[in-house]
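These are my notebook entries on a set of residues, helices and ring pairs that I looked up. I recorded the contacts of one loop residue before anything else.

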Amino acid sequence: MNFFLQVFGNPELYASTLAMATPLALAALGGTFSERTGVVNIAMEGIMLVGAFFGVMIAVLTHSSLLGLLAGMVAGIITSLALAWPAIRLQSDQVIIGMAINVFAGGLTAFLLNTVYGYNGTPTNTPFLPTITIPGLVKIPFLGQVIGQQNLLVYVMLILVVVGHYVLFHTNIGLQMRAVGEHPEAAATVGVSVVNIRYLGVSIGGMLSGMAGVYLSLGLLNGFDVNMTNGRGYIALAAMIFGKWTPFGSLLSSLLFGFAIALSISLQGYQVSANLVGMLPYVLTIVALTGIIGRSRAPLADGIPYEPSK
Amino acid sequence: MKRLWKALSLPLYAVITGLILGAIIMAIAKYNPWSAYGSLLMGAFGNPIAIGNTVSGAIPLMLTALGIAVAFRTGLFNIGAEGQYWVGAMAAVFIGYNFASMPWYFHIPLALIAAMVAGGLWGGVIPGLAKAWVGAHEVITTMMMSYIAILLAHYMVEKGPMMQQGFVPQSPPITSSATLPTILTNSNLSAGLYIALAAVVVVHILLFYTSFGYKLRAVGYNAFAARYSGLPVALYTVLSLGISGVLAGLAGGVQFLGVDYQLTDTFQSGYGYTAIVVALLARNNPLGIVLASIFFSALSSGSQMMQITSGVSANMTDVITGIIIFFVAADRLYAYILRTFRKKQVIAVARKEVQG
């Protein structure tokens, strides 16, 4: 009993849950936009790495973490175009292109790290993204310790989820996106440009994955390291599916997965295996796909190339 | 001859494009691409031991890629072969360090069969049934199962039943009766090579000379037509993913009986992912897989030498690999470029005629 109170009664567990969930939620939200328009995005892992690296590089060069953030987002968009163009124009297999980007990005960022910074890693005087303290809120016992003081991007993420939900379900452009992802031929018939909407969806995905990467390198961890995303892009993919391709669903499942990660960290030193706890996100995703607790269904045209001539 | 060229041209284009773009990136970073590729080649094929290690590295790639190719031929994408490789490795090592009194001609086959069964169940049962019954996409389920397998492997040697006595997170080493003999002195090359080559022949025959293979391919070619002609598509889905897992599991078994001998706390072989690239580049042809797996093994075994002698980070080979996959998948790119080029030519000719 004492053990449970020690682990689960500690507000730091929940603060860490929020911090761990942020990169997942950002990338999952981006993936939602990409897949809602019909382009499968398994490239989040690679795009996060690119964002993480260029975020650090520009932050070091300009002495500004915010310019680093911007650079990471732009790098994310550019990388995502390497998915968008063959997926949209050449009708290539989106899963395989995504895999190519992941392999390429992992190799390129490791190569650049070595070439630009040598074996010592990124500089220790890198400007990091600021931690924000919300006055008043931080004073509330327990809750204040959980959400009163977090990294800038944690709050940005929470706002973006709300904005993302609004855009996707309450605006004209959101309706067009969902239409293109469900039935591109029908959307094209009423004058929606399938090509442009898909570029937009994938770019938003790239931007948010890039942001997630910057959060890792300039927020959660100090600097860039080889393959530092460590599978988070794939967990984000799982969060998106478990969240049924919706912004709020993505956030909730990211929080759940973030909790599993935070828990497995806080369990280090106890007899319970962190590895077994760490399986939770993956098990839950399979459960969600097999429909044991509410079936998760992909957009109908997700992953299917659109050929206008047909 | 024309058919052979057609089959070879795309992979060849992709490899050449990858090497050229890799050289350009190296040149931009102020390295000498010639000396980098030269040292890579020397590292991979420079002496008999290097050749032995390159071929040795191709063995798990070959076996895993065969499995991925079987799934691809059935229209299924087994992206989780990495995890199936590790469950195979766990099963083989577990049998390998138990039953020390068993003669080798029972011990080795038992360990390898355990590896195959483990891999087959991991890849076939949950992803296969989930796909067959509720249509859950196998890309996601095999990927998730792969992560679960790797965490399970960590658990096994960190706190679980396979941890060796002491404080180092690793399994006990397998006994000599379960060890595959080395066939080239001072190299990693084990008798696993014969197993891999036998598997190539078996899969080739299975796919192209049996009615079972014909049906697998029929499901992959057109699942609707296959269903209407009375084929139990669900059964073939489970079997195909199962065979895919069997071969990935066998890869893990052969690697640990022949090269690694015990589980240590790093579970990142990368074979499962590189094998996808191998299968893609070989266009799911078993004989092509032999060549493609030696190519990628050479990239990886030569990269260390490249890093030491020319200073180019060994990760450069991942950059090249990524580019190669990209260009294999974007297969319409070459036609697209050609079409744009011809269009320009036609326009130029037309313009001349109008003006002339």
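**Entry 1. A loop residue of chain B**

I first listed the contacts of B:A330, leaving aside its neighbours within four places in sequence, and found A:P86, A:L90, A:S92 and A:I97. I note here that the model is a predicted one. B:A330 sits in the loop between α13 (316–329) and α14 (332–355) of chain B. Is B:A330 buried or exposed? Its relative accessible area is 0%, so I entered B:A330 as buried, the cut-off being under 20%. I also looked up its separation from B:A14: the two residues are 316 apart in sequence, and their C-alpha atoms are 9.5 Å apart in space.

**Entry 2. Helix α13 of chain B**

I then turned to α13(B), which precedes that loop. For its 14 residues, a rise of 1.5 Å a residue predicts a span of 20 Å, and the end C-alpha atoms are indeed 20 Å apart. I found 13 of the 14 residues of α13(B) buried, so the rest of the structure largely encloses this helix.

**Entry 3. Helix α2 of chain B**

I examined α2(B), residues 33–45, for comparison of its length with expectation. This helix has 13 residues, and its first and last C-alpha atoms are 18 Å apart, close to the expected 18 Å. Which residues of α2(B) are buried? I recorded B:P33, B:A36, B:Y37, B:S39, B:L40, B:G43 and B:A44. These lie on the same side of α2(B), because the arc they cover around the axis is only 160°. An α-helix has 3.6 residues a turn, so residues three or four places apart point the same way. I found B:W34, B:L41 and B:M42 exposed on the other side of α2(B). At the start of the helix, I noted that a side-chain oxygen of B:N32 comes to within 2.9 Å of the backbone nitrogen of B:W34.

**Entry 4. A serine in a loop of chain A**

I located A:S64 in the loop between α3 (44–62) and α4 (65–89) of chain A. Its side chain reaches the backbone nitrogen of A:L67 at 3.1 Å. Leaving aside neighbours within four places in sequence, I listed A:A59 and A:P127 as contacts of A:S64.

**Entry 5. Nonpolar cores**

In soluble globular proteins, nonpolar side chains tend to be buried together. I therefore looked up the cores of this model; the largest nonpolar core has 193 residues. Which of its members touch the most others? They are B:L63, B:F77, B:I79, B:L257 and B:L263. Helix α6 (residues 138–158) of chain B gives the most to this core, namely 13 residues. For B:L263, not counting residues up to four places away in sequence, I recorded contacts with B:W86, B:A89, B:M90, B:V93, B:V157, B:M162, B:Q170, B:S171 and B:F256. A second, separate core has 6 residues, including A:V7, A:L13, A:A262 and A:V277.

**Entry 6. Aromatic pairs**

I counted 21 aromatic pairs over all chains. One of them is formed by A:Y234 and B:Y147, whose ring centres are 5.9 Å apart with 45° between the planes, a tilted arrangement. Since A:Y234 is in helix α11 (residues 232–242) of chain A and B:Y147 in helix α6 of chain B, this pair joins two chains. Both A:Y234 and B:Y147 are buried.

I next examined B:W86 and B:F267: the ring centres are 4.9 Å apart and the planes meet at 85°, so the pair is edge-to-face. The pair links distant parts of the chain, 181 residues apart, with B:W86 in helix α4 (residues 81–97) of chain B and B:F267 in the loop between α10 (233–260) and α11 (271–281) of chain B. I found B:W86 and B:F267 both buried. Ring pairs further connect B:Y85, B:W86, B:F256, B:F267 and B:Y271 as a cluster.

**Entry 7. Positive phi outside glycine**

I checked B:N186, which is not a glycine but has a positive phi of about 70°. This residue lies in the loop between α6 and α7 (192–209) of chain B, and its relative accessibility of 66% makes B:N186 exposed. I also entered B:N284, a residue other than glycine with a positive phi near 60°. I placed B:N284 in the loop between α11 and α12 (286–310) of chain B. Its relative accessible area is 16%, so B:N284 counts as buried.

Methods: Residues are numbered from 1 along each chain as its sequence is written. Chains are lettered from A and ligands numbered from 1 in the order in which they are written. This is a predicted model: local features need pLDDT of at least 70, side-chain atom pairs count only at pLDDT 80 or more; totals for chains, interfaces and linings use all residues. Side-chain values use heavy atoms; hydrogens and water are left out. A nonpolar core is a set of buried Ala, Val, Leu, Ile, Met, Phe, Trp, Tyr and Cys residues joined through side-chain atoms within 4.5 Å. Buried means under 20% relative accessible area, exposed over 50%, partly exposed in between (1.4 Å probe, protein chains only). Helices (H or I, at least four residues) and strands (E, at least two) are DSSP runs, numbered from the N terminus. Contact means heavy atoms within 4.5 Å. The expected span of a helix is 1.5 Å times one less than its number of residues. The arc is that of the directions from the helix axis to the C-beta atoms. A polar contact is a pair of N or O atoms within 3.5 Å; within protein, one must be able to donate a hydrogen and the other to accept it, and residues adjacent in sequence count only if both atoms are side-chain atoms. Rings of Phe, Tyr and Trp (its six-membered ring) pair if their centres lie within 6.5 Å; planes under 30 degrees apart count as stacked, over 60 as edge-to-face and the rest as tilted.
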